[in-house]
Amino acid sequence: MKVCACWVPCLLTKDHKGQRKAITLELLQKYQHEGDDFLLRIVTGDESWFHHFEPETKRQSMEWHHLHSPSKKKANTVPSAAKVMGTVFWDAEGLILAEFLEPGQTITAACYVQTLHKLRRALRDKHPGQNIILHDNTSPHAACLTSEAIAKMWWEVLPHPSYSPDLAPSDYHLFGFVKDQLRRR
């Protein structure tokens, strides 16, 4: 029998669980007060690394074999040095902004603020009135520079609890799809 452990980023304390509960109740109250208009005003964003070559995962390379058939040789692959950071913002209607940095460059607070200004221009053109942003609490997102820029834009930031799994809907539905399309190309 095989047993597979589930990766958990952090075991939550009672305080963390209480914080999650409080944030959830706050968001439910906003939804009960505003209804679907609340959901339609939310813009969410996230970043991911896109490698120029994405090797197959173990699960993707699995094959059925007869008990005595020879096993396939597979060389170890190293992640390519060529990779780009992609940032995407989207809402209930679809993609609003997608941006890729120069190869090897990473997100800093200053870079993220520039991206937020581009997002503001895109929202002004496509969806005026959307002013709620949902992003995780990574360093560039939580930096003072970023908070000041968001305050000047009069946007509301939805709370993101500490030690929350960093899996946004874009991790499930968007980044995986894009990476699958780019794999072995």
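Modeller: The expected span of a helix is 1.5 Å times one less than its number of residues. This is a predicted model, and helix α3 can be checked that way.

Colleague: What does that give for α3, residues 109–126?

Modeller: Its 18 residues should span 26 Å, and the end C-alpha atoms are 25 Å apart, which agrees.

Colleague: Which residues of α3 are buried?

Modeller: Ala109, Cys111, Tyr112, Val113, Thr115, Leu116, Leu119, Ala122 and Leu123.

Colleague: And what do those buried residues pack against?

Modeller: Four strands, β1 (42–51), β2 (83–91), β3 (94–100) and β4 (132–134), plus helices α4 (139–142) and α5 (144–152).

Colleague: Switching to the sheet. In what order do the strands run?

Modeller: The order is β3-β2-β1-β4-β5, in an open sheet of 5 strands with mixed pairing. β3 and β5 (156–157) are at the edges with a single partner strand each, so one side of each has no neighbour in the sheet.

Colleague: How does β3 pair with β2?

Modeller: The two run antiparallel and are joined by 6 bridges. In one of the pairs, Thr87 has Glu99 of β3 as its bridge partner. As for the helix, α3 packs on this sheet, and its direction makes about 150° with that of β3.

Colleague: Back to α5. At what angle does α3 cross it?

Modeller: Roughly 20°, with the axes coming within 8 Å. Angles under 35 degrees count as roughly parallel, so α3 is roughly parallel to α5. The crossing is right-handed.

Colleague: Which residues make that contact?

Modeller: From α3, Ala109, Ala110, Tyr112, Val113 and Leu116; from α5, Leu145, Thr146, Ala149 and Ile150.

Notes
Residues numbered from 1 in each chain as written. Predicted model: local features only at pLDDT ≥ 70, side-chain atom pairs only at ≥ 80, totals over all residues. Heavy atoms only, no water. Buried < 20%, exposed > 50% of the residue type's maximum accessible area, 1.4 Å probe, protein only. Contact = heavy atoms within 4.5 Å. Pairing = 2+ DSSP bridges. Axes fitted to C-alpha atoms, helices over the stretch in contact; angles between N-to-C directions. Parallel < 35°, antiparallel > 145°, perpendicular 65-115°, else oblique. Left-handed = near helix turned anticlockwise from the far one by under 90°.
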